[in-house]
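Student: I would like to go through the labels attached to this model and ask for the reasoning behind each of them.

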Amino acid sequence: MYVNLIPVPINLIMIVFYMIARNRNDLKRTAFIQPAATLVAIIITVLSFFSPYSNHEYTIWILAGISSRSTGLSRKLWLNYPMKS
């Protein structure tokens, strides 16, 4: 069984609620739903390691990208990146 697909409907529902809250400019609800949806996406990625059909190398890159984006690491790297003139 694909264990990593179990939380996918939860994530889709959270994305819909996020879009509704964002369109209504409800920042309190957005501030809760956005990190929660990111956490569910990280859980889906981690659970995909238990699937025999997953590409583990690709999954590691996806997990690194989601984690760096959610921790703000990518922003810190871009702010310290020297720009060419």
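Student: Start with T59. Where is T59 placed, and why is T59 called buried or exposed?

Tutor: The model is a predicted one. T59 is placed in helix α3. Its relative accessible area is 7%, and buried means under 20%, so T59 counts as buried.

Student: What does T59 touch, leaving out residues up to four places away in sequence?

Tutor: T59 touches T45, S48, F49 and S54. For F49, there is also a C-alpha separation from T59, which is 7.6 Å, with the two positions 10 residues apart along the chain counted as their offset. A contact is judged on heavy atoms within 4.5 Å, so the C-alpha value is not the one that decides it.

Student: What makes up the secondary structure of the protein?

Tutor: The protein has 4 helices and 0 strands. Read from the N terminus, the order of elements is α-α-α-α.

Student: Why is T30 called buried or exposed, and where does T30 lie?

Tutor: T30 lies in helix α2, residues 27-47. With a relative accessible area of 5% against a limit of under 20%, T30 is therefore buried. Beyond its neighbours within four places in sequence, T30 is in contact with Y18, A21, R22 and P35.

Student: R22 is in that list. Why is R22 called buried, partly exposed or exposed?

Tutor: R22 has 46% relative accessibility. Buried needs under 20% and exposed needs over 50%, so R22 falls in between and counts as partly exposed. R22 is found in helix α1, and its contacts outside four places in sequence are L27 and T30. The C-alpha atoms of R22 and Q34, 12 residues apart along the chain, are separated by 9.9 Å.

Student: What is the label for N11, and how do you know?

Tutor: N11 is at 12% relative accessibility, and the cut-off for buried is under 20%, so N11 counts as buried. N11 lies in helix α1 and, apart from neighbours within four places in sequence, is in contact with A37, V40, A41 and I44.

Student: Which residues make up the largest nonpolar core?

Tutor: The largest nonpolar core has 6 residues: M14, I33, A36, A37, V40 and I44. Helix α2 supplies the largest share of this core, 5 residues. In soluble globular proteins, nonpolar side chains tend to be buried together.

Student: Which residues form a nonpolar patch on the surface, and why can F17 be part of a patch?

Tutor: The patch consists of I13, V16, F17 and I20, with about 370 Å² of accessible area together. A patch residue needs over 30% relative accessible area; F17 has 49%, so F17 passes that limit while being partly exposed. F17 lies in helix α1, residues 8-23.

Student: What makes R29 and D26 a salt bridge?

Tutor: Their side chains meet at 3.7 Å, N to O, and the criterion is within 4 Å, so the pair qualifies. The structure holds 1 salt bridge. D26 has a relative accessible area of 26%, so D26 is partly exposed.

Student: Why is the pair of Y2 and Y53 called stacked, tilted or edge-to-face?

Tutor: A search of the whole structure finds 1 aromatic pair. The ring centres of Y2 and Y53 are 5.9 Å apart and the planes are at 50°, so the pair is tilted. Stacked would need planes under 30 degrees apart and edge-to-face over 60. Y2 lies in the segment before α1 and Y53 in the loop between α2 and α3, so the pair ties together parts that are 51 residues apart in sequence.

Student: Which of the labels buried, partly exposed and exposed apply to Y2 and Y53, and why?

Tutor: Y2 is at 45% relative accessibility, so Y2 counts as partly exposed. Y53 is at 66%, and with exposed set at over 50%, Y53 counts as exposed.

Student: What is noted about phi of N25?

Tutor: Phi of N25 is near 60°, a positive value in a residue other than glycine. N25 sits in the loop between α1 and α2, and at 57% relative accessibility N25 counts as exposed.

How values were computed: Residues numbered from 1 in each chain as written. Predicted model: local features only at pLDDT ≥ 70, side-chain atom pairs only at ≥ 80, totals over all residues. Heavy atoms only, no water. Patch = residues over 30% accessible without salt bridge, like charges linked within 9 Å, V, L, I, M, F, W, Y side chains within 5 Å. Areas by Shrake-Rupley, 256 points an atom, 1.4 Å probe, with all protein chains shown as cover. Helix = DSSP H or I, 4+ residues; strand = E, 2+ residues; numbered from the N terminus. Buried < 20%, exposed > 50% of the residue type's maximum accessible area, 1.4 Å probe, protein only. Core = buried A, V, L, I, M, F, W, Y, C linked by side-chain atoms within 4.5 Å. Phe/Tyr/Trp six-rings, centres within 6.5 Å; stacked < 30°, edge-to-face > 60°.
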